[in-house]
Amino acid sequence: MFPRQQPFLWRVAMEDHMAGVSALRTAALAVVLIWLLSGVVGLIAEEALSIDSSAASPALPRNKNASRATWATSEESGWTNSIPWPSARSRHAMAFDSQSDRIVIFGGNTGEHVDETWAYDFEANTWTNTNPTTKPSARSEHAMAYDSQSDRIVLFGGWTGGSGDRNGETWAYDFEANTWTNMNPTTAPAARYELAVADDCQSDRIVLLEGS
Ligand SMILES: [Ca+2]
Ligand SMILES: [Ca+2]
């Protein structure tokens, strides 16, 4: 009995062995495929991270209002803030138009006298060069105050350049209309610079003090 059954058992054993080898090969192939796939996924993830970090790599100036700022690139200088603001200056004059909620500056000295009118909006954190068509001549050391009753910023005097070049003009600025008007009053203080002015809203008068 036994010798007859042996070939059958051997054949069964060989078939089981071959099935086991095949299963091992399939498992090994699956492991290799998973390893290769994880490598590809890793490379893709690394590339995505490098793209993201390169996008943030320019040194953006830190600013509490950076989220509202507009940024522009330049090949020469990298990142720049495209929001305009007045250039550095001294001896300009400034007044607050409370009706328009704007701080307005005029003139000053940037190395030379300038005749720019700028308005600052605190909520938007923006300076605007209002570029009015008519304006006082370039000057510094003038004075400005806001007349709340007439909603005008009044400017007087200043230094316009040359030796002894004092100015005695009275100008009024309307922010909404963006117009400067030379008031040419019949009587006026003598021309001067380094003066001070203030608005007495109760009596509706601009008061002028001293000067050179
Ligand atoms: Ca106004
Ligand atoms: Ca007035």
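1. Two residues count as being in contact when their C-beta atoms, placed from the backbone, lie within 7 Å. With that in hand, a good place to start in this predicted model is Leu 155. Leaving aside residues up to four places away in sequence, Leu 155 touches Ala 93, Phe 106, Pro 136, His 142, Met 144, Trp 171 and Tyr 173. Several of these names come back below.

2. Next, a word on how far to trust the picture. The average pLDDT of the protein chain is 78, and 60% of the residues score at least 70. Please be careful with residues 47–74, where pLDDT stays under 50. For that stretch the model has 19 contacts beyond four places in sequence.

3. Now the overall layout. The protein chain holds 1 helix and 12 strands, and the helix comes before the strands when you read from the N terminus. Of its 212 residues, 19% count as buried. Among contacts with a separation of 6 or more, 41% join residues 24 or more positions apart.

4. One sheet to look for is open and made of 4 strands in the order 3-4-5-6, with antiparallel pairing. Its edges are strand 3 and strand 6 (126–129), each of which pairs on one side only. Ignoring direction, neighbouring strands here are turned by 25° against each other on average.

5. Within that sheet, strand 3 and strand 4 deserve a closer look. They run antiparallel and are joined by 5 bridges. Together they form a hairpin with 4 residues between them, and Asp 101 in the turn has a positive phi of about 60°. To check the register by eye, find Met 94, whose bridge partner in strand 4 is Ile 105, and Ala 95, which stands opposite Val 104 in strand 4.

6. Which side chains of strand 3 point to one face and are buried? They are Ala 93, Ala 95 and Asp 97. Met 94 and Phe 96 point to the other face and are not buried. As background, side chains in a regular strand alternate between the two faces of the sheet.

7. A second open sheet also has 4 strands, in the order 7-8-9-10, and its pairing is antiparallel. Strand 7 and strand 10 (179–182) are the edge strands, each pairing on one side only. From one strand to the next, the twist averages 25°. Strand 9 and strand 10 pair in the antiparallel sense over 4 bridges, and Trp 171 stands opposite Asn 182 of strand 10.

8. Asn 182 is a handy residue to inspect at this edge. Why does Asn 182 count as partly exposed? Because it has 13 C-beta neighbours inside 10 Å, while a residue needs 20 or more to be buried and 12 or fewer to be exposed. Not counting residues up to four places away in sequence, Asn 182 touches Glu 169 and Trp 171. Its C-alpha atom is separated by 9.2 Å from that of Thr 134, 48 residues apart along the chain.

9. Finally, the core. In soluble globular proteins, nonpolar side chains tend to be buried together. Here the largest nonpolar core has 18 residues, and those with the most contacts inside it are Met 144, Ala 145, Ile 153, Val 154, Leu 155 and Tyr 173. Strand 3 (93–97), strand 4 (102–106), strand 7 (143–147), strand 8 (152–159) and strand 9 (166–174) each give two or more residues to this core. That brings us back to Leu 155, whose contacts include Met 144 and Tyr 173.

Note on methods:
Residues numbered from 1 in each chain as written. Chains lettered and ligands numbered in written order. Predicted model: local features only at pLDDT ≥ 70, side-chain atom pairs only at ≥ 80, totals over all residues. Core = buried A, V, L, I, M, F, W, Y, C linked by C-beta atoms within 7 Å. Pairing = 2+ DSSP bridges. Axes fitted to C-alpha atoms, helices over the stretch in contact; angles between N-to-C directions. pLDDT = per-residue confidence, 0-100.
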